[in-house]
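Open the model in your viewer and keep the selection tool at hand. The tour moves from one selection to the next.

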Amino acid sequence: MPISGEKEVTMRKVLIPKKDYVKELIKIIRVTKDEQKLRNLLSDYHEKDIAEAITFLTETERKHLYRVLGSERIAEIISYFDDAEMYLEELSLEQAAKVISYMDADDALDVLDDLSESKKNEIVSHLDADAQKDVQKLLSYEEDEIGSCMTNNFVCISEELSVREAMSELVRQAGEHDNISTIYVTDTEEKFAGAIDLKDLIIARENTPLQEIVSSSYPYVYEHENISECVEKIADYEEDSIPVLTQDGKIAGILTATDIVELVDDAMGDDYAKLAGLTSEEDLKEPTIVSMKKRLPWLIILLFLGMAVSSVVGIFESVVAVLPIVICFQSLVLDMAGNVGTQSLAVTIRVLVDEDLDTRKKLALLGKEMKIGFLNGASLGVMALVFLGIYIHLFKKYAWMSAFLISGCVGISLVVAMVISGFVGTIIPMFFHKIHIDPAVASGPLITTVNDLVAVITYYGLAMVFLIDIFHI
């Protein structure tokens, strides 16, 4: 009888259980006494798993493992640590410098950034000449320049070679550089001339001129470009790596797929931080005073905006004095207005980043967000009219007419506030984008506070005009 799909999946799970490589590694490291045998066993495991296993070992076990693995393998492993300082401290200065020398320049810089300034300078001074030159080169860039993220791990050949000669050159350079899926090509002046996919080079006939398989329109960035300005362009090309050029067109280094993922992740983290009203993403080890300085500027601005909201509420003291029940539903109107504004803000920032909008498209987006605000507001307004009306009558003992007039005021306020919030949440990031300021700076707290002001005026204004002046509740 054939096995059903569900049973087959269950059997497969039983037959091929998921392995816990970290536990395996810890056991192997602690049980295997022969160093050569241990080295051979560890060669079958990925560096990331070894890095994770190392965090569970004692200092004595780690130091023994460092001796077994050797500096070159440690260099591959240590790049996977989020904080490498503790592990570098367990190495002698000479061994630490040797480990850093084996790392790609960008990975080495990431590790060195985890160290104190004195320790970093001490290790850099002990690096071999080539590694020291590469690290110093990356240190010469500003943190927000794309050159600070590049690596020197790439293969580069001349366009004057034949396919056969190019293959020989690739084999020669592959001993030092393992990023070989894309081969970069330079012209007679050593300027970037394009790139070749490894597959295209392999299947090409050996006597074919190299120019025939070179992609001369391959994307690139310049070393001093701002990271935030080119990260989207880099991500859009979806290449394994992208060259970083000097101002005169020579290849300074490359950005690997891993570098690109990290750049996009950092950019998203910074945007998320800005949406929270921060100047940049915070780090766990960041000093309290630094974190405070990042948060304080927006909080000061929001304090004064909050004062403005409170002052407006104060203007409507007479409404609260005559009809105290209206204050019960203030937070409802304010919260919904803030939610709509934040949603519109998120959508607008996403569209502005992904697309080049002309005036017509911007107006279409603005109209759409206001329409969505109206339709959602109308739906919620009807619900508020019915359920709040029943609640006010049953629990607050108002007459049916008065109860539904009050709930109707809340419902209308929701519609008006949500339409205006959709408008504000869309127009503010558009304005920031227009004046060439990151639209993410139009942060969630700012939008929420502005919408609070709008909602307060709308809600209490309607309550004063309709409930008190017209219907005399």
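How far apart are the end C-alpha atoms of residues 400-432, and what are the percentages of helix and strand there? Select that span to find out: the end C-alpha atoms are 48 Å apart. The chain there is 100% helix and 0% strand. Bear in mind that this is a predicted model.

**Annotated membrane spans**

Residues 400-432 carry the UniProt annotation "transmembrane region", from an unreviewed entry. The same annotation covers residues 296-316, 322-353, 374-394 and 453-472. Select 453-472 next. This span is 90% helix and 0% strand, with its end C-alpha atoms 26 Å apart.

**Domains**

Now colour by domain. The domain assignment gives domain 1 as 25-140, domain 2 as 154-276 and domain 3 as 315-468. Put a marker at the C-alpha centres of domain 2 and domain 3: they lie 49 Å apart.

**A helix pair**

Go to residues 47-54, helix H4, and add residues 71-78, helix H6. Their axes come within 8 Å and cross at roughly 85 degrees. That angle makes H4 roughly perpendicular to H6. Show side chains. From H4, Glu-47, Ile-50, Ala-51 and Ile-54 take part in the contact. They meet Arg-73, Glu-76 and Ile-77 of H6. By class, the contact residues are 4 nonpolar, no polar and 3 charged.

**First CBS span and its sheet**

UniProt, again in an unreviewed entry, places the feature "domain: CBS" at residues 150-212 and 214-272. Select 150-212. Helix makes up 29% of this span and strand 24%. Its end C-alpha atoms are 28 Å apart.

Next, pick out strands E1, E2 and E3. They form an open sheet in the order E1-E2-E3, with mixed pairing. E1 (155-158) and E3 (192-197) are the edge strands, each pairing on one side only. From one strand to the next, the twist averages 35 degrees.

Zoom in on E1 and E2 (residues 182-186). These two pair in the parallel sense over 4 bridges. Label Cys-156: its bridge partner in E2 is Tyr-184. Then add helix H12, residues 163-174. H12 packs on the sheet and touches E1 and E2. The direction of H12 makes about 150 degrees with that of E1.

**A second sheet**

Move on to E4, E5 and E6. Here is another open sheet of 3 strands, ordered E4-E5-E6, with mixed pairing. Which strands stand at the edges? They are E4 (221-222) and E6 (251-256). Each has a single partner strand, so one side of each is left without a neighbour in the sheet.

Finish on E4 and E5 (residues 241-245). The two strands run parallel and are joined by 2 bridges. Label Val-221, which stands opposite Val-244 in E5.

Technical notes:
Residues numbered from 1 in each chain as written. Predicted model: local features only at pLDDT ≥ 70, side-chain atom pairs only at ≥ 80, totals over all residues. Heavy atoms only, no water. Axes fitted to C-alpha atoms, helices over the stretch in contact; angles between N-to-C directions. Parallel < 35°, antiparallel > 145°, perpendicular 65-115°, else oblique. Contact = heavy atoms within 4.5 Å. Nonpolar A, V, L, I, M, F, W, Y, C, P; charged D, E, K, R; others polar. Pairing = 2+ DSSP bridges. UniProt positions renumbered as here; feature names shortened; annotations may be inferred. Domains from an automatic or database assignment.
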